[in-house]
Every structure is written in C-alpha cells, then in structure tokens.
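Grab a pencil and work through these short exercises. Try each task yourself before you read its solution.

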Amino acid sequence: YDLLRPDTQPHDVIVEPDGIVWYSDFGRQFLGRLDPKTGKVTEFPVPELKKGFPVGTLELEPDKEGYLWLSLMYQGGIARFDKKSQTFKIYAVPQEWQADHTQESMVMPLSSNVDGKVWTNNQDTHNVLRVDIATGKFEVFGPFKDPATNKAVNGYGIPTDQENNLYLLDFGGQDIGRVD
C-alpha cells in the first residue's frame, strides 16, 4: 500500500477485527489509518508539545475502551486518540521532570480500566511513569536497578497484567522487573 508521504516511517501497527490498520509514524507527528479493502490512507496530525524538539511517535497500543495510545518520544508525553471524534487528548510529562533528552518511548494502557492509570517511561532517566487519566497527574517510579549487579534496568517493552501491574523488559539486558 502506498502511504500519503514518501518519508512516512510506519512503526507499531495494530490491525483491528474489521481489518482496519493503524500505525504510528516514527519520523513525524502523525497517527495513520489504512483501510486495506479500499487502500484509503488517512493521517491524523498529533499535536507538538515541544517546538524545536525531534518529532515522531513510537509505541501504539489500544485500551479496552477502544482508544488508541501513542508514546510521543522527544515531545515529552503520551497521547490518547478517540477514533469516534478523531481527536487527541495529550498527557504531557510535568515540566519539572522534562529535560532536553526526555523521551517517552513506551505506553501501556491495556489494563487502565482497573485503576484509571496508564504506564509510560522516560528513556533518558530510565524512570517508569504512571499517569492518572482522569486528573492528568503523573507519578514517577524508579529508576530500578538489578539488586545483584546494581545495573540500571532499562525498560523497553512494558506489558501489564490483568491487575495493571507493570513488567519491565530490560533492553540490552537479561532482566524482567515487576512494579506492583
């Protein structure tokens, strides 16, 4: 399928039961939608939070209510997309936690229905963050270290269980951590 721009960098892809394909754009502030039956591609511009900083989105995950969530990388936040209204709700990391290299690469909303909280990370500090989706208030956890080696656990891949406990898959390592 031809996408709308030759510089599109589709990253995470979700295929819905009806066959509609959604993708994040690693190089630009877009969420893409492809109808494979017709070949029609629609892009939804994601608001920029930090002008002059690198753009692009990474992880794309659905929640149980049908919203799509994006990690906004160097823009310093995460976004929830409402497919019905075709609008974004942005959750920016608090300004006092931001630096030039703040990067939210992961987002995990899958079990947010349990407690109303969505997990993300900051690759710059190796912190794990959690946002209350009703209030927009963030909590910070970590960074975590392997107690045997004192090495930082760099969570890249942050799945949750049915109780919204987080698992950290150590990028470049061999650890799995759990945040209860």
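**Exercise 1.** In what order do the four strands of the open sheet lie, and is their pairing parallel or antiparallel?

*Solution.* Keep in mind that you're looking at a predicted model. Step one: read across the open sheet, and you get β5-β6-β7-β8. Step two: check the directions, and the pairing turns out to be antiparallel. Step three: look for strands that pair on one side only; these edge strands are β5 (60-62) and β8 (87-92). Step four: check the twist. Ignoring direction, neighbouring strands here are turned by 25° against each other on average.

**Exercise 2.** Work out how β6 and β7 are matched up.

*Solution.* First find the strands: β6 covers residues 68-71 and β7 covers residues 77-82. Next, count the bridges of this antiparallel pair, and you'll find four. Now pick out some partners: L70 sits opposite A79, while S71 is bridged to I78. Finally, follow the chain from one strand to the other: this hairpin has five residues between its strands, and M73 in the turn shows a positive phi of about 50°.

**Exercise 3.** Now do the other side: how many bridges join β7 and β8?

*Solution.* Start with the count: this antiparallel pair has six bridges. Then take one facing pair, D82 and T87 of β8. Last, look at the link: four residues lie between the strands of this hairpin, and Q86 has a positive phi near 55°.

**Exercise 4.** Is β7 mostly covered or uncovered?

*Solution.* Use the cut-off for buried, under 20% relative accessible area. Go through the six residues of β7 and five come out buried, so the strand is mostly covered.

Note on methods:
Residues numbered from 1 in each chain as written. Predicted model: local features only at pLDDT ≥ 70, side-chain atom pairs only at ≥ 80, totals over all residues. Heavy atoms only, no water. Pairing = 2+ DSSP bridges. Helix = DSSP H or I, 4+ residues; strand = E, 2+ residues; numbered from the N terminus. Axes fitted to C-alpha atoms, helices over the stretch in contact; angles between N-to-C directions. Buried < 20%, exposed > 50% of the residue type's maximum accessible area, 1.4 Å probe, protein only.
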